[in-house]
Amino acid sequence: MRLGGPLSLLAQVNFAEMPDLADFPTTGLLAFYVDYFDDLTGLDFDNQTKQNGFRVLYFETMDAVSYSEEEQDAFFETMNGEFYPVVRGVYRLRGEMTKQVILEESYDFERAYGGTFYDVTDKWTNEDSKKFDRLYELVSSSNQLGGTPFFTQIDPRIGKETAHHDTLLFQLDSGDEIMWGDMGVGNFFIHREDLKQRDFTNVMYNWDCY
């Protein structure tokens with residue numbers, strides 16, 4: 001619960017139903033909550049790791065008693081103001097292993113290729129715009145655990161010599177009944193060692209849109 005009001009469930013991942021990913025849990029439930037009463041959906045640009053407008057909680061087992069639907073609804077009965085849901089409805093996440101190409105201006109690209117996105121791709125394409133366009137057609141965005149993140153704007157980790165949050169924990173993309181602003185995308189980042197230790201207290205939350 002944020003200061004003064006409840007958070008809403010954005011998504012939850014049951015790892016027993018997901019493919020095995022290196023360093024990710026293989027059991028348990030990972031839940032993501034955000035503030036739907038905030039027009040920035042709980043994002044704090046001054047401190048993107050402050051879990052006030054968002055929370056990430058890991059449950060090693062699902063034995064604990066949960067709030068009933070009525071009890072959860074009661075948290076929201078006294079809330080006033082605009083409600084900005086990202087997900088409209090209830091949907092099931094299905095996991096499958098896929099391959100990605102790192103072709104996004106991001107911290108991951110600079111770490112993989114040792115240079116900035118445009119410097120490296122200019123060398124690859126000899127600054128030929130048609131070749132660049134064909135190359136960029138390989139870029140994809142999806143709902144995912146791990147892998148390469150997608151941004152409609154800029155990776156907030158760029159410019160930091162040693163970005164602490166080096167791993168994409170979870171990404172939720174817009175589409176159908178899921179919408180971040182104007183066709184945006186939401187990302188949660190974590191340090192690889194924290195992920196190995198199942199420590200989700202220092203997660204970086206970001207979303208952007210066109």
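What is the volume of the largest cavity? The answer is about 60 Å³, and a search of the whole structure finds one cavity of 30 Å³ or more. The model is predicted, with local features needing pLDDT of at least 70, side-chain atom pairs counting only at pLDDT 80 or more, and totals for chains, interfaces and linings using all residues. Residues are numbered from 1 along each chain as its sequence is written, and side-chain values use heavy atoms, leaving out hydrogens and water.

On a 1 Å grid over the protein atoms alone, a cavity is a set of points where a 1.4 Å probe fits but cannot get out, a pocket is an open set with protein on both sides within 12 Å along at least five of seven lines, and lining residues have an atom within 4 Å of a point. Points are joined across faces, edges and corners, and a volume is the space filled by probe spheres set on them. The lining of the largest cavity consists of Gln100, Val101, Leu103, Glu104, Val139, Ser140, Thr148, Pro149 and Phe150. Five of these residues are nonpolar, three polar and one charged (nonpolar: Ala, Val, Leu, Ile, Met, Phe, Trp, Tyr, Cys and Pro; charged: Asp, Glu, Lys and Arg; polar: the others, Gly among them).

Glu104 and Phe150 also appear in the lining of the second largest pocket, alongside Glu105, Phe117, Tyr118, Phe132, Tyr136, Phe151, Thr152, Gln153 and Tyr210. This pocket holds about 170 Å³ of space, and its lining divides into seven nonpolar, two polar and two charged residues. Helices α3 (117–125) and α4 (129–136) each supply at least two of the lining residues; helices (H or I, at least four residues) and strands (E, at least two) are DSSP runs numbered from the N terminus.

Turning to the interior, the largest nonpolar core has 29 residues, and Leu10, Phe32, Val56, Leu169, Phe188 and Phe200 have the most contacts inside it. Two or more residues come from each of β1 (8–14), β2 (29–34), β3 (54–59), β4, β5 and β6 (204–208). Apart from this core lies another, of eight residues, among them Leu103, Phe117, Phe132 and Val139. A nonpolar core is a set of buried Ala, Val, Leu, Ile, Met, Phe, Trp, Tyr and Cys residues joined through side-chain atoms within 4.5 Å. Within the largest core, Val56 touches residues including Leu30, Phe32, Leu169, Phe188 and Phe200, contact meaning heavy atoms within 4.5 Å.

Strand β4 also holds Gln171, which is buried at a relative accessible area of 0% (buried is under 20%, exposed over 50% and partly exposed in between, with a 1.4 Å probe and protein chains only). Its side chain reaches the backbone nitrogen of Phe150 at 2.9 Å, and one of its polar atoms lies 2.8 Å from the backbone oxygen of Ser142. A polar contact is a pair of N or O atoms within 3.5 Å; within protein, one must be able to donate a hydrogen and the other to accept it, and residues adjacent in sequence count only if both atoms are side-chain atoms.

Ser174 lies in the loop between β4 (167–173) and β5 (185–190) and is buried, with a relative accessible area of 12%. Polar atoms of the Ser174 side chain lie 3.0 Å from the backbone nitrogen of Trp180 and 2.7 Å from the backbone oxygen of Gly184. By contrast, Gly159, in the loop between α4 and β4, is exposed at 72%.

Note on methods
Lists of a residue's contacts leave out its neighbours within four places in sequence.
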